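Thanks for coming. I have one structure to go through today, and I will take the ligand before the helices. Here it is on the screen.

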Amino acid sequence: MSENNVMAEPFIKVENLSKYFELNRKQTLKAVNDISFEIYKGETVGLVGESGCGKSTTGRCLVNLYEPTSGKIYYKGKDTSQFTKQEKQAFTGDVQMIFQNPYSSLNPRMTVKEIVAQGMKYHGNYSKTEIDCRIEQLLEKVGLGAEHMSRFAHEFSGGQRQRIGIARALSVNPEFIVCDEPISALDVSIQAQVINMLKKLQHDMGLTYLFIAHDLSVVKYISDRVIVMYLGTIVEEAPVEELYKNPTHPYTKVLLSAIPVANPIKAKANKRIKVSGEIPSPINSKPGCQFAERCPYAVDHCFNEAPPRKEISKDHFVACHVY
Ligand SMILES: Nc1ncnc2c1ncn2[C@@H]1O[C@H](COP(=O)(O)OP(=O)(O)OP(=O)(O)O)[C@@H](O)[C@H]1O
Ligand code: SF4
Ligand SMILES: [Mg+2]
């Protein structure tokens with residue numbers, strides 16, 4: 001959080017958010033379980049954690065694609081669950097999502113023009129000519145051209161599809177974008193291009209991002225602050241430099257020690273932390289710290305009591321009984 005944010009109202013405030021999926025009468029999957037965090041205007045917050053920990057579900061709740069089971073989401077200080085019909089419509093334009101898989105998130109039977117125009121028809125009052133002109137500008141912004149407008153999504157490479165997805169998100173002039181692992185399905189050679197493009201767009205358009213990723217190496221480059229999730233809960237949150245310098249939660253240390261280090265001296269210093277076992281199932285999850293079964297430092301009450309969120313230094317929060 002920058003100094004400017006100290007007094008600022010959060011742009012998005014998430015308060016005790018939970019999203020459960022009732023699989024059947026006996027089984028509840030707690031995809032997101034009582035998480036709270038804030039995002040400030042113009043910043044990029046990285047959200048990391050292993051597969052299935054609830055990152056996309058959190059993102060989907062933020063952009064109103066999922067209705068939370070409980071908890072509140074405030075947008076510019078207003079409770080989104082109390083929005084009027086008009087406020088809700090404006091909100092669904094202001095907040096957009098770039099989806100994890102560019103192969104499944106675009107309808108292959110639609111042309112690029114139809115895909116990008118969809119949101120504009122719903123949210124804006126544009127004439128046909130304005131739509132064409134705007135799509136051309138948007139395609140140029142994301143590194144494609146007018147010649148791509150009448151082609152079908154299935155004709156494009158993964159990187160190009162992700163660019164189409166980004167143009168679609170930008171088409172309604174959003175303020176906030178959930179970038180859900182926007183580069184993980186792409187070739188390494190084009191990952192940097194897409195990240196740099198997102199950074200430039202943020203700068204030019206004053207966007208605020210929640211940037212979701214599996215590991216900490218990608219978010220280091222793009223984020224101002226980082227939130228680490230484990231099995232539906234937030235275990236640590238800190239400004240990016242602080243998190244890398246002073247990782248505190250045992251799970252964050254595991255994630256960090258999994259990043260390959262090129263320098264052999266640094267690699268030696270960066271001792272690997274080994275954890276046993278697989279990630280437990282989020283179905284009918286147990287009480288206590290969700291990491292307890294795998295944590296080398298677990299003490300008795302870790303298994304019974306969820307650890308509270310503590311601020312261990314300025315803007316650095318950890319949920320662990322031991323710290
Ligand atoms: N619509 C749904 N119905 C039932 N379970 C769901 C649904 N969506 C997600 N889940 C489950 O919720 C948990 C969290 O899923 P989510 O997609 O949020 O994880 P993730 O952190 O984004 O994982 P990944 O890194 O693999 O994308 C998983 O166990 C997933 O199977
Ligand atoms: S609360 Fe206990 S089990 Fe959880 S991370 Fe801390 S020490 Fe490990
Ligand atoms: Mg996901």
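How far is an oxygen atom of ligand 1 from an N or O atom in the side chain of Lys55? The distance is 2.8 Å. Before I go on, please keep in mind that this is a predicted model, and every distance I quote is computed from it.

Lys55 has company around the ligand. There are 16 residues around ligand 1, and those that come nearest are Ser51, Gly52, Lys55, Thr57 and Gln100. For Gln100, a polar atom of the side chain lies 2.7 Å from an oxygen atom of ligand 1. Gly54 takes part through its backbone: one of its backbone N or O atoms is 3.1 Å from an oxygen atom of the ligand. So much for the ligand.

Next, the helices, in two pairs. The first pair is α3, residues 112–123, and α4, residues 128–141; their axes come within 10 Å and cross at roughly 115°. An angle from 65 to 115 degrees counts as roughly perpendicular, and α3 and α4 are therefore roughly perpendicular to each other. Their crossing is right-handed. On the α3 side, the contact is made by Val112, Lys113, Val116, Ala117, Met120 and Lys121. The α4 side supplies Ile131, Asp132, Arg134, Ile135, Leu138 and Leu139. Sorted by class, that contact has eight nonpolar residues, four charged ones and no polar ones.

The second pair is α5, residues 158–170, and α6, residues 188–205. Here the axes come within 11 Å, and the crossing angle is roughly 15°. That makes α5 roughly parallel to α6, since angles under 35 degrees are counted that way. The crossing of α5 and α6 is right-handed. From α5, the residues in contact are Gly159, Arg163, Ile166 and Leu170. From α6, they are Ile190, Gln193, Val194, Met197, Leu198, Leu201 and Met205. How many nonpolar, polar and charged residues does the contact of α5 with α6 have? Eight are nonpolar, two are polar and one is charged.

To recap the helices: α3 and α4 are roughly perpendicular, whereas α5 is roughly parallel to α6. That is all I have on this one.

Technical notes
Residues are numbered from 1 along each chain as its sequence is written. Chains are lettered from A and ligands numbered from 1 in the order in which they are written. This is a predicted model: local features need pLDDT of at least 70, side-chain atom pairs count only at pLDDT 80 or more; totals for chains, interfaces and linings use all residues. Side-chain values use heavy atoms; hydrogens and water are left out. Axes are lines fitted to C-alpha atoms, for helices over the stretch in contact, and angles run from 0 to 180 degrees between N-to-C directions. Helices (H or I, at least four residues) and strands (E, at least two) are DSSP runs, numbered from the N terminus. Angles under 35 degrees count as roughly parallel, over 145 as roughly antiparallel, 65 to 115 as roughly perpendicular and the rest as oblique. A crossing is left-handed if the near helix is turned anticlockwise from the far one by less than a right angle, and right-handed if clockwise. Contact means heavy atoms within 4.5 Å. Ala, Val, Leu, Ile, Met, Phe, Trp, Tyr, Cys and Pro count as nonpolar, Asp, Glu, Lys and Arg as charged, and the others, Gly among them, as polar. A residue is near a molecule or strand if one of its heavy atoms lies within 4 Å of it. A polar contact is a pair of N or O atoms within 3.5 Å; within protein, one must be able to donate a hydrogen and the other to accept it, and residues adjacent in sequence count only if both atoms are side-chain atoms.
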